[in-house]
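Please explain how the chains of this model are built, moving from the overall fold to individual residues.

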Amino acid sequence: MRPWLALTFLAVAGAAWSSAQEPKPVKAPEPPKIESTCISCHRQLSDAALEPTKHLDDVHFQRGLSCHDCHGGDPTKGGDDDPAAAHDERKGWGKPTRLQIPLFCAKCHADAAYMKKFNPATRVDQLSEYRTSVHGQRNAKGDDRTAVCVDCHGVHGIRTVKDPRSKVHPTQVADTCARCHNDSELMARYGLPTNQPGAYKTSVHARALYEKGDLSAPTCNDCHGSHGAAPPGLQTVAQVCGSCHTREGSLYRETEKKKPTLNLTPAIQCVVCHDNHAVQPPSDEMLGVGPKSTCTNCHQPDVPQYRSAERMGRSIQALSARLEEAHRLLDQAERAGIEVTADRFALRTGRDHLVEARVLVHAFDEERFLASVDEGAKSANAGVTAAERAFAELRQRRVGLVVSLAVIAAVIAGLVLKLREIERGPGLS
Amino acid sequence: MTAPAWLAEAGRWLEERVGLSQFVELGRHKQVPLHKHSVWYYMGGMTLFLFGIQVATGILLLLYYRPSEGEAFESVQFLMARVPFGWLIRSIHSWSANLLVFVLFLHMFSAFFLKAFRKPRELTWLTGVALMALMMGFGFSGYLLPWNTLAFFATQVGTEVAGRVPMVGEFALRLLRGGDQVTGGTLTRFYGIHVAILPALTTVILGVHLMLVQKHGMSVPPKIEAESERTGEPLRSHAFLPNFLIRDAIGWCAALGVLAGLAAVFPWELGVKADPFASAPAGIRPEWYFGWMFQSLKMLPPHILGFEGEVLGILAISAAGLVWFAVPFLDRSPKPGNRVSLAFVASGWLALVYMAVTTAMVYWPVKG
């Protein structure tokens with residue numbers, strides 16, 4: 001028996017010991033080593049001359065490019081004794097002016113053959129897109145105050161878009177744009193307001209991006225374009241919004257075709273009801289003729305559209321309230337212990353119709369809208385009926401419980417009486 | 001009040017063929033001791049009654065339950081929402097299972113403290129402990145059957161614990177799960193265990209247990225026995241039939257009332273269907289009667305003297321179970337004043353307090 005015990009002990013000890021060992025840490029890869037007198041000399045300098053050497057995690061540097069690839073000169077020469085040898089203008093030393101920067105960056109970034117060596121999927125149309133933008137057009141006309149590549153991407157220490165520290169990462173874009181668009185002195189030159197970045201920060205889009213961490217939520221460049229005037233291929237506000245809100249966008253475009261008499265110029269598209277930068281979460285109160293209505297901004301009480309808006313608003317708010325009531329009652333029934341999962345699931349159809357109706361607002365078709373609301377109302381009513389049925393069953397259960405407890409109590413009483421009757425006689429020994 | 005002639009005739013007919021009167025006579029002759037601890041004698045009958053409820057409601061549940069990953073939850077949902085009194089049957093089955101384990105614990109600990117395991121009742125104790133293990137097996141296997149999220153993850157944790165047992169853990173894990181993970185295969189397996197294997201084993205062991213109870217009668221605690229011997233007064237007793245049985249029946253009726261109340265006011269929840277790809281929800285815990293083991297393993301540090309804490313914990317719990325099983329052979333002189341016997345009583349109280357505290361910690365975790 002003893003050898004078995006010893007073997008068992010050793011096996012258990014071995015198994016326990018081996019699983020108790022910690023995993024070895026993985027070593028991080030080292031950055032590329034590039035020999036350059038630029039870095040060794042500038043590290044001994046101060047202020048602006050020292051600054052570039054602090055950004056060795058720059059995406060260009062990490063991919064093997066160094067100072068001389070942008071600034072020219074000879075990095076093999078120079079040193080402490082003769083900096084002029086490194087700063088040789090005959091070898092292209094210098095730095096581009098703000099007007100030159102777009103073309104300067106495009107020397108590489110518009111060269112497909114060169115860029116694909118680093119990333120086969122990379123775009124090379126940034127310069128041509130930039131030239132379609134107000135920034136690019138003004139730059140081409142000689143205005144050196146408008147934004148160029150380095151204003152958004154940085155000069156040294158440029159990082160990829162995916163890097164959260166990058167100035168063009170979705171979470172940084174609004175602040176990057178705000179550096180100029182919040183500058184009232186600069187914007188005054190172009191007659192532009194400076195409230196856009198602040199307004200954006202109050203929007204539902206900004207809340208999704210910053211509070212929920214949803215990187216797909218739009219920031220400045222998603223509507224205004226990264227380099228161009230708008231995202232590629234999009235001409236109107238409805239198209240821009242519709243690139244994410246696809247169903248609303250397509251319904252809106254259908255309306256444009258079906259009702260050519262409507263004056264749906266870009267100026268009165270999505271932004272009329274939803275605003276442009278301070279887009280707020282839509283509510284059912286936006287429809288109708290109430291104080292929060294956006295319909296009444298344009299439609300006066302004496303036109304048929306006003307009455308149509310009134311009917312639509314009333315019906316969707318009634319559906320929303322009825323669905324809420326059905327949910328509340330089913331919750332109550334569930335808390336009381338009635339199984340209502342199937343009824344709750346059926347209620348989803350009502351919710352789907354409510355969402356569909358909210359989207360159908362963008363078709364400006366009352367009949368179609370009310371048809372969806374009616375379907376939703378059927379589902380909501382079925383939910384309320386199911387909840388009422390559940391409450392009726394609950395009452396039935398309580399009555400059943402009282403009756404059965406009464407029967408049980410009567411049986412117990414009968415047994416006690418019988419026991420007393422038996423034990424009055426010679427039952428015990 | 002006399003029975004109608006046809007009923008009396010039917011009784012005579014049955015008596016000629018079955019001879020029921022001899023059983024009635026046996027019951028009338030069987031005497032149950034009466035003393036200050038007699039109340040504990042009713043725990044066995046109560047456990048048996050609740051087991052009967054489990055069998056009856058379990059058979060009714062079988063008519064609708066479908067043991068597959070795709071249908072288990074839906075079939076229970078249908079039973080709860082659409083089948084007349086389906087909610088009642090399932091709720092009574094679930095509440096009764098919990099009451100059964102509770103009463104079984106009372107029965108077992110009362111037998112332990114009143115030294116009912118002593119000679120010649122060692123086998124009664126052994127079969128009783130085996131029945132307790134079987135009832136816990138019923139609880140563990142039945143918990144998964146509705147295939148809801150909590151049950152799914154609790155089973156995953158529970159089977160993982162079984163998998164940590166040295167030497168046989170991996171085999172036990174695969175045997176229980178029917179594979180590496182908790183899947184629909186595990187559900188089918190647990191269903192088979194719950195409705196076929198465990199009932200078959202229980203029928204045999206319960207039969208032996210009841211037979212032994214009949215053979216040896218009720219055990220009188222050593223203190224009461226010694227007191228009777230000292231004073232020379234014979235112990236009072238009453239007939240099993242009808243005195244004891246009527247009292248038993250009063251208890252059963254009361255239990256039925258409690259079950260009806262619990263089922264009607266707090267119907268057993270179904271929860272959300274298990275999603276094996278979802279992350280485990282917060283607050284997973286096993287049924288309360290596994291709580292003390294769960295909490296004990298949770299409290300242990302990852303490593304103790306270079307050994308895995310959890311493995312040591314499992315070994316300790318297994319050792320405690322073995323000691324509990326072997327009590328009749330360890331506490332061999334359970335007379336009043338015997339030191340070993342007193343130590344066993346003290347250990348029993350300690351175990352009870354420990355189990356109560358650790359179980360409470362599962363439901364009211366200590367913060368910080």
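The following paragraphs treat chain B as a whole, then its contact with chain A, a long helix, the nonpolar cores and some local backbone features.

The model is a predicted one. In chain B, the secondary structure amounts to 15 helices and four strands. Along the principal axes, the C-alpha atoms of chain B occupy a box of roughly 65 × 60 × 35 Å. Chain B has 368 residues, of which 32% count as buried. When contacts in chain B between residues at least 6 apart in sequence are considered, 76% of them join residues at least 24 apart.

The next topic is the contact between the chains. On the side of chain B, 32 residues are in contact with 30 residues of chain A. Four elements of chain B give two or more residues each to this side, namely the helices α4 (72-81) and α11 (240-265) and the strands β2 (236-239) and β4 (307-308). Helix α11(B) provides the largest share, 13 residues. Sorted by class, the side of chain B that touches chain A consists of 20 nonpolar, nine polar and three charged residues.

Helix α9 of chain B covers residues 184-216 and lends itself to a check of length. At 1.5 Å a residue, its 33 residues should span 48 Å, and the C-alpha atoms at its ends are 46 Å apart, so the two values agree. The helix α9(B) nevertheless has a bend of about 40°, located at I193(B). Buried residues of α9(B) are found on both sides of this position in the sequence: T186(B), L187(B), R189(B), F190(B) and Y191(B), then H194(B), V195(B), T202(B) and H209(B). An α-helix has 3.6 residues a turn, so residues three or four places apart point the same way. The elements that cover the buried residues of α9(B) include α3 (42-62), α4, α6 (122-144), α7 (149-163) and α8 (169-177) of chain B. Just after α9(B) comes G217(B), with a positive phi of about 70°.

Attention now turns to the nonpolar cores. The largest of them contains 65 residues, and L50(B), L100(B) and W147(B) touch the most other members. At least two residues of this core come from each of α3, α4, α5 (86-113), α6, α7, α9, α11 and α12 (291-299) of chain B. The largest share, 14 residues, is supplied by α5(B). Beyond its neighbours within four places in sequence, L50(B) is in contact with S96(B), L99(B), L100(B), V103(B) and A255(B). Another core lies apart from this one; it has 32 residues, including Y252(A), I338(A), V361(A) and A380(A).

Where does the backbone of chain B contain a cis peptide bond? One such bond joins K119(B) and P120(B), with omega of about 10°. P120(B) belongs to the loop between α5 and α6 of chain B. A cis peptide bond also leads from L241(B) to P242(B), again with omega near 10°. P242(B) is placed in helix α11 of chain B, the helix that gives 13 residues to the side touching chain A. Most residues other than glycine have a negative phi, and most peptide bonds are trans.

In chain A, two residues that are not glycine carry a positive phi: D275(A), at about 70°, and F364(A), at about 50°. D275(A) is situated in the loop between α19 (270-274) and α20 (304-335) of chain A. D275(A) counts as partly exposed because it has 14 C-beta neighbours inside 10 Å. F364(A) is located in the loop between α21 (341-360) and α22 (366-424) of chain A. With 19 other C-beta atoms within 10 Å, F364(A) is likewise partly exposed, since a residue must have 20 or more to be buried.

The last residue to be considered is K335(B), in the loop between α14 (327-330) and α15 (339-363) of chain B. Is K335(B) buried or exposed? K335(B) is exposed, because 12 other C-beta atoms lie within 10 Å. Leaving aside neighbours within four places in sequence, K335(B) is in contact with P222(B) and S341(B). From K335(B) to Y289(B) there are 46 residues in sequence and 31 Å in space, C-alpha to C-alpha.

Notes
Residues numbered from 1 in each chain as written. Chains lettered and ligands numbered in written order. Predicted model: local features only at pLDDT ≥ 70, side-chain atom pairs only at ≥ 80, totals over all residues. Contact = placed C-beta atoms within 7 Å. Nonpolar A, V, L, I, M, F, W, Y, C, P; charged D, E, K, R; others polar. Expected span 1.5 Å × (residues − 1). Bend = angle between axes of the 7 residues up to and from the residue. Core = buried A, V, L, I, M, F, W, Y, C linked by C-beta atoms within 7 Å.
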